[in-house]
Every structure is written in structure tokens, then in C-alpha cells.
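Good morning, everyone, and thank you for making the time. Before I begin, please have the sequence and the model open in front of you.

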Amino acid sequence: MIRNEQNTISDLKAGSVEAFDDLYRRYHPRLYNFALKISGGDRHQAEELTQGVFIRLWEVRESVDEEKNLMTFLCTIAKNRFLNDCSHRLVRYVHQEYVLKSSEITDFSTEMEVDRSLLDQLIDELTEKLPVGRKKIFIMSRREGKSNKEISRILNITESTIETQLGKAVKYIRMELAKHYTFIVALCAAVSELIFRRG
């Protein structure tokens, strides 16, 4: 690293806004291109990643090592943020579309329909592992579309008990689905690492 840049990073660590602006101007184009690669060409996501990295740079400025390559440091932050975003989107997708969906969703692409079929199959398998009473309540609620009031009348148990059992069932299924989908996050990591090395 050239001495001038080392001085700039030293000033950044001391809290210099001018030094931060200087580094932003120097590294924004290259970092944006890197973010564009790992986000699959999504310009909006790439810009969000880039801005998020510089925000993080300011937050951790005191720990930046002026002897090390700053671009590598920035790319590492970008890659980690991308993987976190990937993981969070996956969990939200599973949660919203397959566990807590309250209405039928029909507007799917072919790929999404395949994913839905596989997830529905997995949810069926997980449902079978629930305790007998909890499984019965979950099936009546999620598959048969019965309200808590209807289930209460049919099974002769309180609605609060039904809510508790449904909550436990949903929590269990969400946790198990997340475990089954960790391989997707690992795949994202592998692809990102490959791009990172090439970049």
C-alpha cells in the first residue's frame, strides 16, 4: 500500500470525514463492480451492498489495518453482507410462502412451483413428526383451513390451547426447514468465493 493511502487510512481511523470521502471516491467504482458480480448483475442490490460496505467501513474504522490491502477488506465485507442477505431472504421466503401463508398463492414461475412442491413435501414429512395432538391441530388449521374457533368446538379444547399448539408446531417446522436449506446458503458462499477469487 502506498504511503499516501496509509496516511489516509490513519486519518480515517482518527475519525476524519475528509479521509472517508477520499477513500469512498477511490474505491466506490471497483467495489460496485465487485458487488455487481456477486449479486448476479442486480444493479440495485449492488449499489445497496456498496453503500452498506462504506457505512460498515466507517463503523469499524478504528480496526482497519493500514498495512493491509483495503480493497480486499472491503470485498470481504461485501461478500459477508451478500451471504447474510441471501440467508435472510431464504428464511423470509420459507416463512412467508410455506409456513405462515394465509391465502392461496397462484402466481408462481415454473421454478417456484417446483420449489413449492418440494417444500410442501418436506412440510408434510415434518408434520408427521409432531406429537399426535399437535399434529391434528396443525393439519386442521393449515391443511383444512379451519379456524381456531372451529377446531376448539370439534376437539373440545380451548382456543388458547390451540394457539399455543399451533405456535409450537410452526416454530418447530420453521427451525427444521431452515436446517434443510442451509445447503443453499453454502452454495451461495461457494459461488461468491469463486467470484471473489476471480475478482
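Over which residues, from 194 on, does pLDDT stay under 50, and how many contacts beyond four places in sequence does the model have for them? The stretch is residues 194–199, and the model has 8 such contacts there, where pLDDT is the predictor's confidence in each residue, from 0 to 100, and a contact means heavy atoms within 4.5 Å.

I start there since this is a predicted model, in which local features need pLDDT of at least 70 and side-chain atom pairs count only at pLDDT 80 or more, while totals for chains, interfaces and linings use all residues. Residues are numbered from 1 along each chain as its sequence is written, and side-chain values use heavy atoms, with hydrogens and water left out.

For the chain, the mean pLDDT is 76, and 69% of the residues reach 70 or more. Residues 98–115 have a pLDDT below 50, although this stretch has 30 contacts in the model beyond near neighbours in sequence. Where pLDDT is low, the predicted coordinates should not be read in detail.

Let me turn to the overall layout. The chain has 9 helices and 0 strands, these being DSSP runs numbered from the N terminus, with H or I over at least four residues for a helix and E over at least two for a strand. Of the 199 residues in the chain, 38% are buried; buried means under 20% relative accessible area, exposed means over 50%, and partly exposed is in between, with a 1.4 Å probe and protein chains only. Among contacts between residues at least 6 apart in sequence, 57% join residues at least 24 apart.

Now to the interior. The largest nonpolar core has 26 residues, and those with the most contacts inside it are Tyr27, Leu31, Phe54, Leu57, Leu70 and Leu74; such a core is a set of buried Ala, Val, Leu, Ile, Met, Phe, Trp, Tyr and Cys residues joined through side-chain atoms within 4.5 Å. The elements that give two or more residues to this core are α1 (3–13), α2 (17–38), α3 (43–59) and α4 (70–99), and the largest share, 10 residues, comes from α2. Leu57, if we leave aside its neighbours within four places in sequence, is in contact with Leu12, Phe20, Val64, Leu70, Phe73 and Leu74. Apart from this core lies another, of 13 residues, among them Ile123, Ile137, Phe138 and Met140.

That second core brings us to helix α6, residues 132–143, which has 12 residues and reaches 16 Å from its first C-alpha to its last. This is close to the 16 Å expected at 1.5 Å a residue, the expected span being 1.5 Å times one less than the number of residues. The buried residues of α6 are Arg134, Ile137, Phe138, Ile139, Met140 and Ser141, and α6 is followed by Gly145, whose phi is positive, near 70°.

Is Thr127, in helix α5 (residues 110–127), buried or exposed? Thr127 counts as buried because its relative accessibility is 0%. Beyond its neighbours within four places in sequence, Thr127 is in contact with Lys135, Phe138, Ile139, Arg143 and Ile173.

Next, the charged pairs. A search of the whole structure finds 5 salt bridges, each a side-chain nitrogen of Lys or Arg within 4 Å of a carboxyl oxygen of Asp or Glu. One joins the side chains of Glu66 and Lys13, at 3.2 Å from N to O, and this pair links distant parts of the chain, with Glu66 in the loop between α3 and α4 and Lys13 in helix α1, 53 residues apart. Asp22 forms another with Arg26, the closest N and O atoms being 2.8 Å apart, and both residues lie in helix α2, 4 residues apart, about one turn of the helix. An α-helix has 3.6 residues a turn, so residues three or four places apart point the same way. Glu144 is paired with Lys146, again in a salt bridge, with closest N and O atoms 2.8 Å apart; Glu144 counts as partly exposed, at 45% relative accessibility, and Lys146 is partly exposed at 26%.

Finally, please look at Asn156, in the loop between α7 (148–155) and α8 (159–180). The phi of Asn156 is near 60°, a positive value in a residue other than glycine, and Asn156 is exposed, with a relative accessible area of 69%.
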